[in-house]
Amino acid sequence: LWRKLTPDEKKMWNQKAKEEHARQLGRKVPTPGDPSLRMDCNRKFISERTQAEKAEVHRRERERRLVREEIERCEEVIDKEFYVIDALSIVDYLDGECVPCEIAVVKCTIRGGIIGYYHFFPDPGPLRPGHFAEALERCELEHEIKPKDFPLASSDYE
């Protein structure tokens with residue numbers, strides 16, 4: 001049936017379909033040539049675009065600049081040493097206990113950057129029954145540290 005229609009008839013039915021679709025979505029009914037109804041490649045109306053992303057970029061740039069200016073005014077802060085600590089867990093038990101499989105500590109200053117670091121892979125030991133599959137899944141998705149026989153793991157905690 002569609003093949004038998006003339007190009008003008010197809011155009012008319014396409015327009016009716018667009019109007020019905022707009023009504024179902026609660027949007028303005030499109031009329032041919034209406035510039036406010038042009039869409040981008042993601043099928044979003046160009047007229048509905050906001051400058052939110054651009055405003056967010058400017059806000060972050062302004063915050064970074066203010067932080068830098070504040071830090072420069074506080075000379076003693078620039079050379080103050082601080083530590084950043086991070087740990088990865090091989091499995092998290094329901095009772096809140098976490099079994100660490102990697103620990104990293106970085107010593108740094110704002111002016112000097114990283115001064116020193118400590119990186120350690122503690123041997124997690126035997127896991128509680130029923131948690132080995134979870135540990136294997138986390139290994140594959142996150143950190144690639146095997147729950148058993150990881151060659152860099154050490155039980156020497158000194």
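With which residue does glutamate 69 form a salt bridge, and how far apart are the closest N and O atoms? In this predicted model, the partner of glutamate 69 is arginine 65, and the closest N and O atoms of the two are 4.0 Å apart. Both residues belong to helix H2, where they stand four residues apart, about one turn of the helix. Glutamate 69 has a relative accessibility of 33% and counts as partly exposed, and arginine 65, at 41%, counts as partly exposed as well.

**Salt bridges**

The structure holds seven salt bridges, and three of the pairs are set out in the table below, with the distance between N and O atoms given for each.

| Acidic residue | Basic residue | N to O distance |
|---|---|---|
| Glutamate 56 | Arginine 59 | 2.5 Å |
| Glutamate 69 | Arginine 65 | 4.0 Å |
| Aspartate 79 | Arginine 111 | 2.8 Å |

Glutamate 56 and arginine 59 are both found in helix H2, which runs over residues 52-73, and they are three residues apart, about one turn of the helix. Glutamate 56 is partly exposed because its relative accessibility of 29% falls between the limits of 20% for buried and 50% for exposed. Arginine 59, with a relative accessible area of 31%, is likewise partly exposed.

The salt bridge between the side chains of aspartate 79 and arginine 111, at 2.8 Å from N to O, links distant parts of the chain, the two residues being 32 residues apart. Aspartate 79 sits in the loop between helix H3 (75-78) and strand E1 (82-92), whereas arginine 111 sits in the loop between strand E2 (98-109) and strand E3 (113-120). Aspartate 79 has a relative accessible area of 44% and is partly exposed. Elsewhere, salt bridges with shared partners join Glu56, Arg59, Arg60 and Glu63 into one network, so that the pair of glutamate 56 and arginine 59 described above belongs to this network.

**Nonpolar surface**

Apart from these charged pairs, the surface carries a nonpolar patch of about 300 Å², which is made by Val77, Phe82, Val84 and Ile110. One of these residues, isoleucine 110, lies in the loop between E2 and E3, the loop that also holds arginine 111. The relative accessible area of isoleucine 110 is 41%, and this residue is therefore partly exposed; because patches are made of residues with over 30% relative accessible area, the value of 41% for isoleucine 110 meets that cut-off.

Terms used: Residues numbered from 1 in each chain as written. Predicted model: local features only at pLDDT ≥ 70, side-chain atom pairs only at ≥ 80, totals over all residues. Heavy atoms only, no water. Buried < 20%, exposed > 50% of the residue type's maximum accessible area, 1.4 Å probe, protein only. Patch = residues over 30% accessible without salt bridge, like charges linked within 9 Å, V, L, I, M, F, W, Y side chains within 5 Å. Areas by Shrake-Rupley, 256 points an atom, 1.4 Å probe, with all protein chains shown as cover.
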